[in-house]
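Open your viewer, set the cartoon representation, and keep the selection box handy. We will go from stop to stop, with something to select at each one.

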Amino acid sequence: MPKFYKILLLVLIIGNIIESSAQGLRFLNPTDSIDGRTSYVVFKGKKPVFTQQLNISFDLQMPRVDEVGYLLHLIDDKRGVNYNLFYDGRGHDWFEFNEEGKTTLFRSHFDKKALLDKGWVKFSLCLDLDRKKILMTIDGKQTQAQVDNLPAVLSPMIVFGRYDYLIEVPSAIIKNLHIQGGGATDYFFPLSQSRSNDVYDQNQRKVGHVDNPYWVINDCYHWQKLVSMHFSNNAGANFHPKRHLFYGYTRDTLFIYNADNHDILYRAFSAACPVDINLGMNFIDTRSDRLYTYEVFKYDRLEDRPRDEPSIASLDLNTFEWTPESYDQLPTQLHHHGNILDTLRNRFCIFGGFGSMLYFRNLNIYDIKEHRWEEAKTLKTCTPRYFTSLGIDSQCRYAYIFGGMGNESGNQSVGRRYLYDLYQVDLENYSTKLLWSLERGKQQNTVPVRNMFIMGNYFYTLCYPEALSESHLRLCRYSLTDGSMEMLGDSIPIQSDKIATNANIYYDPIVDKFYVCVQEFTDDIASTITLYSIQLPVLSDAEFARVSKLPIDTKLVYIGITLFAMFAAALFYLYYRRCKQKKLVRYNEKLDVQVAESRANAIYLFGNFTAFDRKNKDISYLFTDKLRELTCLLFWYNKRGGISSKLIGTMLWGDKPADKVKNSRSVIMNHLRKVLEEIDGIELAYVDGFYQFIIKKPFYCDYLDYEHQVMTETYTEQSLLSILRRGKFLQSQNMPTLDQFKSETERVMSPIILRLMKRTYANSELKLTLYLTEVMLYIDPYHIEAFSYQMKALKRLGKVYEAQDISRAFHEEYIKAFGEDFTNS
């Protein structure tokens, strides 16, 4: 083979191994199905010949539950060889190497807990055909046996898991399988696939078959739903990483879920939790094996709190007995605060939160030993916020505060903005340092969950757009140095309607997994707590897409030059496309349409009905529902010369007697005249039996402006959008009398919007296209053509994630409305 092809082949092989660091094959061991067990067969067809010796080595992760079964079989029917490797992890904890149906050649005991704590251990089996010896090494411990009938040559089929009638299979995981013999016989199986029943070696050759595979790499991208717990009373939940247990609790009951064997245990407390659980905030101190539940605030006045009602209590996770810890409470409720456990100083810290119409920037510290809240530390350089995330480094030297929502004043009435910044807090002197702050531009706004995990130069947390009722959590990895972010794994659904809804992320270093606990409330009391897990290293969308591709046949190496040329062409195309994309984005950044600012002496009908007097004061509140209905009717009929008093009576009070209609009409007309006295340029007149508006400058009405532009065809995209982007026409006016006004306006508006939508898209004015699709979806939320242009424009602008979220929401709403997905219509 020419040197160039050898180099290219090596690059392909190494690239595949590097991309697939999260590799492995788990052996399925269902208790109710023989056919469901995994069987991984190497050299099922043409078998290599091994002389001198046969070495089999791999990385092994043993089951975390008590199991028994066959892990490995070596079968050479021609030479009468049939060996098996038997595993017993039910307390005896040994490996046996047996000659099938005859005798046990040797047995090797092991310390199961020690090997489980290591996670992955090295396993090797050597059949020395010259010296008639078999050696087995587990994590450096070697066991051997003299086997005089061992043949000088072997050409075996090698089977992992189920084989023939031997159906017991332990749910172990193997990776990096290496099979070597004398000479050039050398096979490596990275086990880096995400699918397929074919077995490939390092040269991408199919040399075997696997039944019922469970490719571990999928656990590094897909969140696995473990269990859901439903609580009719206020509840809390947490995870104990050393015990691998989830604890869910109410005042009366404890729920325990074992993440290793998936066992579930319920037990009632002998004495109820002394804390009156409201939000169920808590933390676990793994040093003392205690779960602390706390409520920072409940009573406006401390004297209202019963003397025997603590604010903090701890649960001994060995005896399951509650102990009151503290009767202190903080001055206000702190919804969605971040929290950390400072094990070095034996204290629990919370930061930020929302309560009493305020956002906070206090670091509140609870001294676990002294059972009291210390005086709060105000981090003045940090913006008051809630929905914030808190983390602590492994040395407990620094705390880290990330993101959230808030404002500089801390006053909710000022409004809020989304924050994407990271602060470092020295836990000795509470000095605060801003590490970075990001501007996300037009990206979808998200908030993090209350905690994070710091690993090396990164921290991991979950983020989601909390403003969406049907939202999705995504795992995000941020750089501590510059804030660069990458989304990892797929999404976790979350219903974020209630303010008490929350999610927490936990890390188990032994099994190298993230666990997530999502608590969703149906009201202020009942909730559902759902647990999820994902294996590290967690893959991004792009990484998972790469490893999901099956190996390429090595014969394709001989067209390497062509592939290289195609690769170079693809790079050039991507470079050209990226330049074109950047140019397109820069061009669209210049295209912006601002909603026209409110002005004095104006009435707005698009969006919410709004009115401003001569001093530019909002006087919408002066217009009652009936008055708004009358005003809209007068604007509608104004171009027809007005509306008769009889028609007004019929439309507004059709079910009342004539005398009462006349009286009501007189009252409302006087009321309208009085309100219009606050606005210059408009007055109500009664001419020839018809009521009509007399309008002159400086009065302004967005509907009249829109109507004039349409009638005279003097509109542009910008001029129309500055009006229409305020919202749906007569958005909050749901009176039947206005239905025709709405439908007539939207009937005229729809073809204009569609025409402009197509024109702006063809001219690459994609930002304007998105504004126009937004207006079209005001008119018809299920307008497929507008949705299509919205998706195409977002993708051309590179806003893929935003397009995915909008697409998901559109499909779900379409199915709710019509009972089927529009793509199947």
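Start by selecting cysteine 396, which sits in the loop between β36 (389-392) and β37 (398-406). Helices and strands here are DSSP runs, numbered from the N terminus: H or I of at least four residues for a helix, E of at least two for a strand. Show the backbone: phi of cysteine 396 is near 55 degrees, a positive value in a residue other than glycine. Cysteine 396 is also buried, with a relative accessible area of 7%. Buried means under 20% relative accessible area, exposed means over 50%, and partly exposed lies in between, with a 1.4 Å probe and protein chains only.

A word on the model before the next stop: it is predicted, so local features need pLDDT of at least 70 and side-chain atom pairs count only at pLDDT 80 or more, while totals for chains, interfaces and linings use all residues. Residues are numbered from 1 along each chain as its sequence is written, and side-chain values use heavy atoms, with hydrogens and water left out.

**Another positive phi**

Now select aspartate 93, in the loop between β6 (81-88) and β7 (94-99). Aspartate 93 is not a glycine, yet its phi is positive, about 60 degrees. Its relative accessibility is 12%, so aspartate 93 counts as buried.

**Two cis peptide bonds**

Go to leucine 536 and proline 537, which are joined by a cis peptide bond with omega about -5 degrees. Proline 537 belongs to the loop between β47 (527-535) and α3 (541-547).

Stay there and pick leucine 539, found in the loop between β47 and α3. Is leucine 539 buried or exposed? Leucine 539 is buried, at a relative accessible area of 4%. Setting aside neighbours within four places in sequence, show what leucine 539 touches: Ile217, Cys220, Tyr221, Leu488, Gly489, Phe544 and Val547. Contact means heavy atoms within 4.5 Å. For a distance label, try leucine 539 to aspartate 289: 250 residues apart in sequence, and 33 Å apart in space from C-alpha to C-alpha.

The other cis bond to visit joins lysine 697 and proline 698, with omega about 10 degrees. Proline 698 is in the loop between β52 and β53 (700-701).

**A pair of crossing helices**

Select α5 (residues 625-638) and α7 (residues 658-676): their axes come within 11 Å and cross at roughly 80 degrees. These axes are lines fitted to C-alpha atoms, for helices over the stretch in contact, and angles run from 0 to 180 degrees between N-to-C directions. The two helices, α5 and α7, are therefore roughly perpendicular to each other; that term covers 65 to 115 degrees, with under 35 roughly parallel, over 145 roughly antiparallel and the rest oblique.

Which residues make the contact? Show Lys626, Leu627, Leu630, Thr631 and Leu634 on α5, and Ile668, Met669, His671, Leu672 and Val675 on α7.

Colour α5 by burial: 12 of its 14 residues are buried. Among them are Cys632, Phe635, Trp636 and Tyr637.

On α7, the buried residues are Val661, Ser664, Arg665, Ile668, Met669, Leu672, Val675 and Leu676. Look down the axis of α7: these buried residues fall within an arc of 135 degrees, so they line one face of the helix. The arc is that of the directions from the helix axis to the C-beta atoms. An α-helix has 3.6 residues a turn, so residues three or four places apart point the same way. Turn to the face of α7 away from its buried side, and you meet the exposed residues Asp659, Lys660, Lys662, Asn663 and Lys674. What covers the buried residues of α7 includes α5, α6 (645-653), β51 (682-687) and β52 (690-695).

**An enclosed helix**

Next, select α11 (residues 766-779). In α11, 12 of the 14 residues are buried, so the helix is largely enclosed by the rest of the structure. Including Leu766, Tyr771, Met776 and Ile779, these are good side chains to display.

**Zoom out**

Finally, reset the view to the protein chain, with its 13 helices and 53 strands. Its C-alpha atoms fill a box of roughly 120 × 75 × 55 Å along the principal axes. Of its 825 residues, 54% are buried.

Key: Expected span 1.5 Å × (residues − 1).
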